Amino acid sequence: MRPWLTRTLVVVATVGACWMGAIWYWRETRRMPATEDLVVYLVLLPLLLLALLALAVWAGRKLSAAGAAKAAAAAAAAAAGAAAAHAGDGAGAAPASTATLTVLAGALRMPHGDSAAQLADAMLARKVTLSLDPVLVNDNGYPILSGRIDDLDAGGQEQAMTDWLATHHPEAVYTEEHWRALALGSDIAAQLTMELAAHPLLPDFIDAQAAGKPLPPLPALQLLALLPEEWGVTERRAGADWLRQVVVHSGWPEARTATSALAAAGQPAPGLYAQLAQRVSHGQHAGNVGAAAGGELCLVVACHSRLGADSIQAWSDQFILFDSDHPQGRIPGEGAAGLLLGDHAQATLLAIDAPVLLHAASHATRQASADGKARGDNDLLAQLATQALQGAGVPASAVAALVADSDQRTGRITELLGMATAVVPELDAASEVLSVTAACGDAGAVATVAALVLAAQQVGAGAGPALCVTNLDPFQRGAVVLASAAPPLAMADAAADTAAVANSPA
């Protein structure tokens with residue numbers, strides 16, 4: 001409930017209680033109130049009660065704030081003690097700045113683009129206006145704003161999955177929104193799997209498998225399916241299994257394909273940052289092609305559609321649907337995005353000339369929801385961005401692009417721009433800061449993965465290092481740096497020219 005409405009109701013209730021009590025008392029005692037009685041009971045008494053109530057609320061907030069501060073101080077002291085205790089244990093570990101994954105490929109399908117380059121161009125040109133939905137309306141019967149993909153064949157996806165579901169997951173119940181999401185996710189999974197067709201170890205594995213011979217080394221492909229939290233566990237598990245089938249049908253052997261448990265757990269999208277940090281830490285010790293050949297690839301796929309009557313009604317019931325009465329509401333959208341990740345050895349095997357490195361992510365949880373009144377954690381995103389840059393060994397002045405999954409709500413934009421001002425003040429907010437959800441509508445985890453895909457595209461296009469952050473979730477925050485494995489060509493040419501001039505005879 002809005003603060004002014006709450007205060008008004010409290011004042012009306014207090015004054016009404018005093019007046020009704022006084023009138024009842026005078027009627028029961030058959031007493032005609034004098035002027036001083038009217039002043040005391042109808043004016044002074046309500047004011048006194050309101051003053052006492054305000055004092056009680058103020059004191060309660062002070063006590064609560066003091067308790068929260070004491071708890072935060074205790075937690076900080078405990079964390080510092082733990083870090084000091086384990087400092088010696090980590091002396092021999094590899095530094096975080098050397099831990100990276102390689103982005104082997106990225107793909108997305110969003111309302112304003114079917115590729116990262118197309119979407120980036122549209123966003124940079126500011127041609128990403130959201131339109132009124134041709135199908136969905138609010139409670140008043142007016143069309144809502146949405147991020148809809150027009151040429152999406154949900155019916156074809158339903159026909160493709162009907163027999164498979166009846167055999168493997170007959171208990172799964174899908175709606176129009178599910179079909180739209182899975183149609184998008186299937187396209188992305190197939191597109192990224194086809195990027196692995198050039199893997200030099202794949203033909204020998206397939207031939208040996210067909211001949212029944214011992215299988216040669218081939219990296220395991222771990223499918224990390226980020227499916228919507230709103231789906232039931234059964235629907236998430238069936239969706240993850242279907243995407244695994246798409247991967248197999250697109251050419252990667254089933255024996256070397258596995259699905260992560262994250263798909264059925266319904267973890268929030270920022271959980272991906274923790275997963276990536278863990279994979280980077282685990283993969284930093286794989287230093288040769290032979291170890292990587294029998295190692296692991298990771299395929300991250302996120303898909304979602306909120307363009308259905310059920311989702312719109314749920315948001316309307318919670319008063320979080322964007323309209324004229326709720327300007328801080330959310331705009332529903334849909335889309336899919338994916339990343340194919342590996343280590344440097346896999347990039348070498350796939351002959352990727354200028355690989356994009358994904359450094360270790362920094363992630364944390366806010367103490368208070370960003371959707372609530374208390375917004376004291378707005379500097380957390382800046383702290384995480386600074387940690388990510390330091391861990392990657394990239395100076396803030398070198399960052400050429402900032403990509404976020406933020407939406408259009410004032411709190412999210414304020415937090416994002418505050419972080420940009422504090423950490424990367426050289427960036428132009430109008431041309432070098434991209435907010436995926438604000439441009440394409442809210443599609444949950446898709447925006448988080450799409451931001452990584454866009455950041456990787458910007459780095460691959462030669463723009464320079466990119467900083468990618470997530471602050472769409474009410475609590476989870478994260479930051480990660482993407483950078484080229486080699487200096488940009490222009491920088492290399494400039495360095496060569498400088499050396500030539502320095503070595504030339506006077």
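**Ser 305 and strand β6 in a predicted model**

Modeller: In this predicted model, Ser 305 is in contact with Glu 177, Arg 180, Ala 181, Gly 333 and Glu 334, once its neighbours within four places in sequence are left aside.

Biologist: What makes Ser 305 buried?

Modeller: The relative accessible area of Ser 305 is 1%, and buried means under 20%, so Ser 305 is called buried.

Biologist: Why is the pairing of the side chains of Ser 305 and Glu 334 called a polar contact?

Modeller: The distance given for the side chains of Ser 305 and Glu 334 is 2.8 Å, and because a polar contact requires a pair of N or O atoms within 3.5 Å, that value falls inside the limit. A polar atom of the Ser 305 side chain also lies 3.4 Å from the backbone nitrogen of Leu 307.

Biologist: Ser 305 has its place in strand β6; why is β6 described as largely enclosed by the rest of the structure?

Modeller: Strand β6 covers residues 296-305, and nine of its 10 residues are buried, so the description as largely enclosed follows from that count.

Biologist: How do you know that β6 pairs with strand β4 and with strand β7?

Modeller: Two strands pair if at least two bridges are found between them; seven bridges join β6 to β4 (residues 220-226), running parallel, and eight join β6 to β7 (residues 334-342), running antiparallel, so both pairings satisfy the criterion. Within these pairings, Val 300 of β6 stands opposite Leu 224, while Val 301 stands opposite Gly 338 in β7.

Notes: Residues are numbered from 1 along each chain as its sequence is written. This is a predicted model: local features need pLDDT of at least 70, side-chain atom pairs count only at pLDDT 80 or more; totals for chains, interfaces and linings use all residues. Side-chain values use heavy atoms; hydrogens and water are left out. Buried means under 20% relative accessible area, exposed over 50%, partly exposed in between (1.4 Å probe, protein chains only). Helices (H or I, at least four residues) and strands (E, at least two) are DSSP runs, numbered from the N terminus. A polar contact is a pair of N or O atoms within 3.5 Å; within protein, one must be able to donate a hydrogen and the other to accept it, and residues adjacent in sequence count only if both atoms are side-chain atoms. Contact means heavy atoms within 4.5 Å.
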